[in-house]
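Visitor: I like to see labels argued from numbers. Can we go through this one and ask what earns each label?

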Amino acid sequence: MPTPPRLFVEPDTLMTNQEAFLLQGREMVHAVRVLRMRPGEEVILTDGLGHLARTRIISVKKNGLLLQYMERLSLADDRLPISLLAALLKPEKMDMVIQKATELGVKEIWPVSTEYSTNKNHFTHTGQQARQARWLEIARQALKQCKGAFLPEIHAIMPLKTACSALDEKNCDYTRLFCWEAAAFTTNATWPEITPPCILALGPEGGFSDSDCRVLHDQKFLPVSLGPRILRAETAAIAAISITTHLISRSKTND
Ligand code: SAM
């Protein structure tokens, strides 16, 4: 049986004890115009922070969709203990990385500028904010699609080195890996044992430069290979997250 559609609400919305909620804005328009929802139908509200509410539509008005709460749930965080350091790519490719990383369930995404990153110098403050808002919307749509309850935390764009230092400040004992197409030929191509949490760094279209590799090496990142073929950055992101997820689940099974 299909589950009711999910609609996003702002974080504090579901923390009240009110009996009804007036849904407005973009999600209301989506429910009415695209999903053609009618009174009596069920909708699940989600805030991307693990809070969900089953609601029923009471009325569809011009000023909003009036919903009656039926059940509220607080779910446990089911995101993967993976922090993705994703080098900035061309906009549509970066969008894809955000979408796929959200579906696959990473905990956080750090969009980083590297030496060969596309557009890295073109970001004004407003441009960054617009990009950030777009990524949040992409992540929300991806989360609705895969019926997850937790959005990844998407950090502000920063240089690779700054992101590494910020992760250091969290004082977590991360397994640090970076996907490097030369790894198959220069190092042992076998992935190391992964003890979560894990940081996974992925390069831009032009790859990591020598100086990026030095930063990563200094920060104790180990190079890993995704095989002898050079994958597009967005393909590499999907492959790397999937392999890491598998290795984390295997390390848990062996505990
Ligand atoms: N510098 C390369 C070139 O132009 O030949 C291509 C870089 S690749 C398109 C983009 C990123 O995907 C790389 O920086 C790396 O992080 C990852 N990647 C792609 N293929 C890979 C592989 N076989 N093993 C490990 N990482 C890979």
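Visitor: Why is K100 called partly exposed?

Guide: This is a predicted model, by the way. K100 has a relative accessible area of 26%. Buried would need under 20% and exposed over 50%, so K100 falls in between and gets the middle label.

Visitor: What makes E103 and K100 a salt bridge?

Guide: Their closest N and O atoms are 3.6 Å apart. The cut-off is 4 Å between a Lys or Arg side-chain nitrogen and an Asp or Glu carboxyl oxygen, so the pair passes. Both sit in helix 2 (residues 91-104), and because they are three residues apart, about one helical turn separates them. E103, at 34% relative accessible area, is partly exposed.

Visitor: How do you know that E42 and R54 form a salt bridge?

Guide: Same kind of check: 3.2 Å between the closest N and O atoms, which is within 4 Å, so the label holds. E42 is in strand 3 (residues 42-46) and R54 in strand 4 (residues 51-61), so the bridge ties together parts twelve residues apart in sequence. E42 comes out at 22% relative accessibility and R54 at 29%. Since partly exposed runs between 20% and 50%, both get that label.

Visitor: And what makes E42, R54, R56 and E71 one network?

Guide: Salt bridges that share partners join them. The structure holds 13 salt bridges.

Visitor: Why is R140 called buried, when E10 is called partly exposed?

Guide: R140 has 13% relative accessibility, under the 20% limit, so buried it is. E10 has 46%, which lies between 20% and 50%, so partly exposed is the word. Their side chains meet in a salt bridge at 3.5 Å, N to O. This pair links distant parts of the chain: E10 is in the loop between strand 1 and strand 2 (20-23), R140 in helix 3, 130 residues apart.

Visitor: How do you know that L143 is buried?

Guide: L143 has a relative accessible area of 2%, and under 20% is what the label asks for, so that settles it. L143 is in helix 3 (residues 125-146). Beyond its sequence neighbours within four places, L143 is in contact with F8, G48, T102, G148, A149, F150 and L151.

Visitor: Why does E234 count as buried?

Guide: E234 is at 10% relative accessibility; that is under 20%, so the label applies. E234 belongs to helix 7 (residues 233-253), and its contacts outside the neighbours within four places are L89, K93, M96 and V97.

Visitor: What is the area buried between domain 1 and domain 2?

Guide: About 920 Å², with carbon and sulfur atoms giving 53%. On the domain 1 side, R6, F8 and G48 lose the most area, together 57% of what that side buries. The size of an interface is often given as accessible area lost when the parts come together. The domains themselves span 6-74 and 80-254.

Visitor: What makes E27 and K144 a salt bridge?

Guide: The N to O distance is 2.8 Å, and the limit is 4 Å, so the pair qualifies. Across the interface of domain 1 and domain 2 there are three salt bridges and six residue pairs in polar contact.

Technical notes
Residues are numbered from 1 along each chain as its sequence is written. This is a predicted model: local features need pLDDT of at least 70, side-chain atom pairs count only at pLDDT 80 or more; totals for chains, interfaces and linings use all residues. Side-chain values use heavy atoms; hydrogens and water are left out. Domain bounds come from an automatic or database domain assignment. Buried area is the accessible area (1.4 Å probe) that two parts lose on being put together, summed over both. A polar contact is a pair of N or O atoms within 3.5 Å; within protein, one must be able to donate a hydrogen and the other to accept it, and residues adjacent in sequence count only if both atoms are side-chain atoms. Helices (H or I, at least four residues) and strands (E, at least two) are DSSP runs, numbered from the N terminus. Buried means under 20% relative accessible area, exposed over 50%, partly exposed in between (1.4 Å probe, protein chains only). Contact means heavy atoms within 4.5 Å.
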